[in-house]
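Biologist: I should like a close look at a single part of this model, namely the place where its chains meet. Please describe it in a connected account.

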Amino acid sequence: MNEAFVVALVLSTAAAATPLILAALGELVVERAGVLNLGVEGMMLAGAVSAFAVTTHTGSATAGFAAGMGAGLALSALFALLSLGLMTNQVATGLALTLFGVGLSAFAGQPFVGQVVSAGVPRVLGLDLVAWLAIALCPLLWLFLQKSRAGLLLRAVGERPEVADAIGFAVRRIRLAAVLFGGALAGLAGAYLSLVNTPMWAEGMTAGRGWIALALVVFATWRPLRVLAGAWLFGGMTVLQLHTQALGLAIPSEFLSMLPYLATVVVLVLICRDPRTILLNQPLSLGKPYHPDR
Amino acid sequence: MFKLEARPAPSALMRVASPLFAALAMALTGALLFWALGQPVGKAFYAFFVQPLTTAYGVGEWLLKATPLLLCALGLVIAYRANVWNIGAEGQLVMGAIAGGGVALAFPDASGPWLLPAMLAAGVLGGMAWAAVPAFLRTRFHTNEILVSLMLVYVAGLLLRYLVGGPWRDPDGFNFPQSRMFGEAAVLPLLHPEMRVTVVALLALLLTGGVWLFLARTWLGFRLTVAGQAPAAALYAGFGQKRNVWIALLASGGFAGLAGVAEVAGPLGQLQPSVSPGYGFAAIIVAFVGRLSAPGALLGALLMSLLFIGGETAQMELGLPAAITGLFQGLLLFYLLAADLFVNYRLRRVSPAATPALKEATR
Amino acid sequence: MTAPPAPPRLLLSGISKRYPSVVANDDVHLDIAPGEIHAVLGENGAGKSTLMKIIYGVTRPDSGEIRWEGKRVHIDSPAAARALGIGMVFQHFSLFETLTVSENVALATGLPSAGLSERIREVSNRYGLPIDPERLVHSLSVGERQRVEIVRCLLQSPRLLIMDEPTSVLTPQAVRQLFATLRQLAAEGCSILYISHKLDEIRELCERATVLRQGRVSGEADPRVESNDSLARLMIGSELPSCPLPPGTPGEVRLKLDAVSAKSEDPFGTALDGVSLEVKGGEIFGIAGISGNGQQELLRVLSGETLSEKAGDVRIAGVEAGRLGPAARRALGLGLGFVPEERLGRGAVPALSLADNALLTGARGAGLTKGPWILRGKVNAFAREIIARFRVKTPDETAAAQSLSGGNLQKFIIGREVLLSPAVMVAAQPTWGVDVGAAALIRGALVDLRAKGAAVLVISEELDELFEICDRIAVLADGRLSPSVPTRDASVELIGRWMSGDFTEVGHVQA
């Protein structure tokens with residue numbers, strides 16, 4: 001019996017982990033550039049609703065994913081305009097982006113509540129292409145950050161923007177690129193949620209996954225390969241939760257649903273308890289606006 | 001040609017003016033949105049911002065919704081001043097409702113005058129307890145309070161759903177997931193018979209004055225402000241960092257808890273799966289719009305409350321989704337953050353004489 | 001003065017740059033011949049750094065003309081400056097701590113990383129600037145970091161090298177080595193623009209000097225034939241004020257550290273290794289050394305921001321204070337006064353008023369609170385007293401701390417701490433970046449405190465300053481404190497050797 005069961009378990013874990021991987025990788029790049037965007041949840045929701053709407057209208061999952069990315073990108077552009085252009089407080093701006101994304105998606109998604117979509121995403125070895133993409137992105141981003149000149153630049157800008165500026169790099173342009181990349185990936189993560197994970201739209205359907213993705217970046221100590229591990233852990237928890245419910249154990253479903261949130265807290269405590277872990281790994285200028293003297 | 005340059009010191013005038021600019025910009029965007037949705041702009045505006053206040057009942061609803069917003073925001077004002085980012089007021093509100101409601105359900109037949117104060121106290125403590133978790137984890141394990149407080153919002157919501165769907169479910173409630181209605185002694189007195197707003201609105205007003213006094217005139221309030229603006233200066237002056245975190249979180253948790261118990265002991269009269277339409281989150285915006293000051297939070301809460309009821313009216317009158325409220329709230333905060341640029345910067349006209357040389361030199 | 005052989009390597013004319021509250025450069029003229037070592041001299045705030053940033057393309061001038069080897073140019077970015085052949089060694093290094101030396105070089109120069117390490121070694125050996133290309137920058141000393149900056153410039157074969165206050169991070173011996181390197185470069189035809197406020201160095205090294213005062217050129221001179229006094233007159237309009245130290249009679253020990261070791265909170269910081277010292281009442285004790293050698297950590301240990309393991313490790317005014325926090329130490333006896341090295345953000349809260357900043361540390365010592373309440377009237381009066389007694393230039397006490405110039409804010413902070421009449425005063429880099437007038441006032445205030453019997457500890461990178469106002473001097477090097485020596489017996493050579501961590505052969509030493 002067990003081989004098929006294990007395969008199914010692995011596949012469903014991978015699927016549950018995919019939106020977390022995508023969103024966390026996007027945020028990781030943003031944070032490596034020294035920018036803290038707390039709007040992941042909002043961007044995911046915008047991505048989810050756009051993807052659902054477009055796929056419902058066109059029947060094309062590709063168009064849906066593209067729309068999701070576009071929506072995430074657009075919201076992150078708004079964030080960039082404020083935090084990079086107008087030097088607003090990044091925490092407040094990120095919160096605003098999440099609140100805005102929640103409101104916008106609820107408003108735009110009103111007509112779609114209760115509908116179901118069937119998006120045929122091509123599969124390889126039982127796993128859809130977007131999930132494969134998410135997995136592949138982890139080593140690719142690692143290569144980019146550690147081995148490429150552009151990655152070196154990105155890290156430099158996140159460490160000491162004033163130095164990068166003095167040497168002559170366009171700090172804000174590099175940060176803008178990172179923020180937009182993060183937005184696109186968050187949008188894609190949202191799209192995956194509403195097209196693949198639960199092929200439907202519901203208000204606030206991300207249920208905190210954007211925030212969990214933010215926690216994953218900390219858990220991964222800003223390293224892409226560890227994001228993969230963390231996301232699979234959380235994906236596994238989601239799957240476990242479903243199976244426990246199916247097994248009919250006498251644990252109220254609400255308590256099982258609490259698991260990912262409590263696990264996030266536990267994971268954060270484990271990684272943060274030695275402050276040097278964070279000090280040594282966190283990009284030095286994370287969350288600090290940079291205003292070049294021009 | 002204009003050039004953006006840093007002001008030597010932040011502008012006090014712009015600090016007050018920028019929320020007004022933000023509200024104006026939000027209204028203009030709203031007009032554009034109504035127009036794009038094919039609504040007559042004038043009528044939509046009327047339905048959104050004026051109609052709710054044309055009846056005594058409407059005014060009561062306005063104050064009713066402003067109360068929890070104000071309470072939550074007062075706590076957040078204290079926390080954000082200290083640079084402690086509690087974004088879990090929604091969860092602390094729910095825990096306040098659970099704790100206060102729990103007291104009411106534990107004494108269904110009580111009729112003494114002690115019950116309401118006990119419920120309110122339990123609500124405050126419930127909110128504080130929930131906020132104590134991020135406070136403990138931050139001071140002991142250096143864990144970021146933003147993520148922890150937010151995660152606990154979901155946990156609190158699930159806990160409430162479990163309680164009203166299980167142990168606390170009304171046995172005579174046809175299996176609806178809600179608690180029994182509270183007894184008369186467990187329900188807050190109304191301000192006015194034609195309105196649903198309770199005496200807690202007055203209490204909130206009183207607390208607004210208290211928070212203002214605390215931040216403007218007390219040594220402890222000053223130390224919180226310093227810790228928020230310049231953490232290194234607070235360390236240098238010897239203001240214990242951990243104590244500030246605890247004070248900030250306990251205060252904001254307590255205020256949110258009070259808001260929660262006031263909801264269930266007021267307009268709801270029982271525990272339901274959802275006790276708040278997002279007051280705790282909207283209060284974040286209220287705190288910012290109110291410039292992290294208590295009197296500002298009062299005005300901000302009134303504006304935000306109008307958005308909540310405006311959304312409901314717009315749904316009934318114009319068939320617009322009530323979710324439009326969330327959209328407006330987000331926009332308001334965006335515009336505020338943008339307008340705040342001019343608190344620290346100003347546009348200076350570059351004199352025409354200097355301009356050609358500048359162009360030449362920088363071409 | 002004869003005109004240099006035409007065309008000059010660099011010619012600036014009519015350069016002006018205004019900031020909201022200050023005119024940094026006003027109609028500045030400057031020319032540098034090929035192979036010339038040219039000084040730009042001026043006190044803090046005279047506009048030297050702005051001028052250099054304009055030449056290097058970091059800042060753009062509001063008006064004026066730049067000619068490079070006779071041709072009019074617009075330098076609108078550091079990359080453009082480098083393309084012309086201009087290299088710059090910054091005062092605050094432009095290096096990324098988490099990257100290796102060769103990564104840093106590759107990033108800034110755009111040179112291909114293949115074979116880069118070899119080239120770095122080659123250049124560094126040729127000019128007597130040994131560095132290991134594979135090391136992470138955060139593991140390098142400040143002096144080594146400066147070498148990385150210089151080598152990075154040299155790899156691009158510059159024809160003009162700008163050095164911004166390069167010697168503040170060097171031991172006296174290293175300064176001599178640097179001068180040799182610079183002379184070698186000049187002999188090879190590279191022009192050098194040397195920015196400093198240190199008159200001796202300029203007279204030793206430079207062939208010509210352009211002197212800036214309040215943003216304008218106040219004169220040009222051949223420093224080799226000028227005296228310190230004549231240069232000072234060009235620089236500040238008068239001779240350098242001096243602050244004579246009257247003979248004092250030290251009292252009993254007021255501040256004592258007993259073999260204090262402390263880890264650094266900063267992952268790239270320096271741990272303290274068994275630091276012991278004693279400062280008596282009526283005495284100024286100076287700690288020399290280059291920043292980054294444990295100064296931050298020592299200051300935190302003294303202030304109480306870092307608690308010691310044992311209460312007896314730190315004694316203030318006779319009380320075991322090692323386990324007391326900053327507020328408790330201020331309240332001890334007559335208390336601890338403390339002037340941190342970082343003015344905005346630590347010594348003062350930028351956006352708060354001067355009155356609120358007076359309250360910051362004055363609450364208890366000046367009786368500014370009662371129960372939970374702040375006594376606003378007293379706070380304002382205390383702030384006004386500081387402003388009047390220490391001649392702080394500000395409209396009134398409601399002005400935000402960040403609106404003051406560096407010198408004025410430092411006068412305010414020193415004034416606040418001094419008016420609390422502390423038994424022990426610790427001041428870190430008290431005159432760093434401060435104009436000459438304010439610096440004299442600040443040193444005078446410390447000397448007055450000494451006359452009143454306070455124990456004063458000054459931590460400074462400015463050796464001249466320490467030699468002027470200290471009774472005894474020691475050196476902090478790599479987290480260890482040297483023995484101390486009476487200032488009259490100290491020599492620059494001895495202090496220099498101690499700075500390099502060599503505490504042997506100490507001569508006239510007092511334990």
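Modeller: The account below takes the interface first and a pair of packed helices afterwards. The model is a predicted one.

In the interface, 35 residues of chain B are in contact with 42 residues of chain A. The area buried between the two chains is about 3,600 Å², and carbon and sulfur atoms give 87% of that area. Three residues, B:Leu147, B:Met151 and B:Phe334, supply 19% of the area that chain B buries against chain A, more than any other three residues. The rule finds zero salt bridges across this interface, and one residue pair in polar contact, with both residues at pLDDT 80 or more. On the side of chain B that touches chain A, the elements giving two or more residues are α5 (115-141), α6 (145-165), α11 (279-289) and α13 (324-339) of chain B. The largest share, eleven residues, comes from α6(B). Sorted by class, this side of chain B has 30 nonpolar, four polar and one charged residues.

Within chain B, helix α3 (residues 56-81) packs with helix α10 (residues 241-268) at an angle of about 170°, and their axes are 6 Å apart. Because an angle over 145 degrees counts as roughly antiparallel, α3(B) and α10(B) are roughly antiparallel to each other. Among the residues that meet are B:Leu64, B:Pro68, B:Leu71 and B:Gly75 in α3(B), with B:Ala248, B:Ser252, B:Phe255 and B:Glu263 among those in α10(B). The contact of α3(B) with α10(B) has 15 nonpolar, two polar and one charged residues.

Conventions. Residues numbered from 1 in each chain as written. Chains lettered and ligands numbered in written order. Predicted model: local features only at pLDDT ≥ 70, side-chain atom pairs only at ≥ 80, totals over all residues. Heavy atoms only, no water. Axes fitted to C-alpha atoms, helices over the stretch in contact; angles between N-to-C directions. Helix = DSSP H or I, 4+ residues; strand = E, 2+ residues; numbered from the N terminus. Parallel < 35°, antiparallel > 145°, perpendicular 65-115°, else oblique. Contact = heavy atoms within 4.5 Å. Nonpolar A, V, L, I, M, F, W, Y, C, P; charged D, E, K, R; others polar. Buried area = accessible area lost by both parts, 1.4 Å probe. Salt bridge = Lys/Arg side-chain N within 4 Å of Asp/Glu carboxyl O. Polar contact = N/O pair within 3.5 Å; in protein donor to acceptor, adjacent residues only side chain to side chain.
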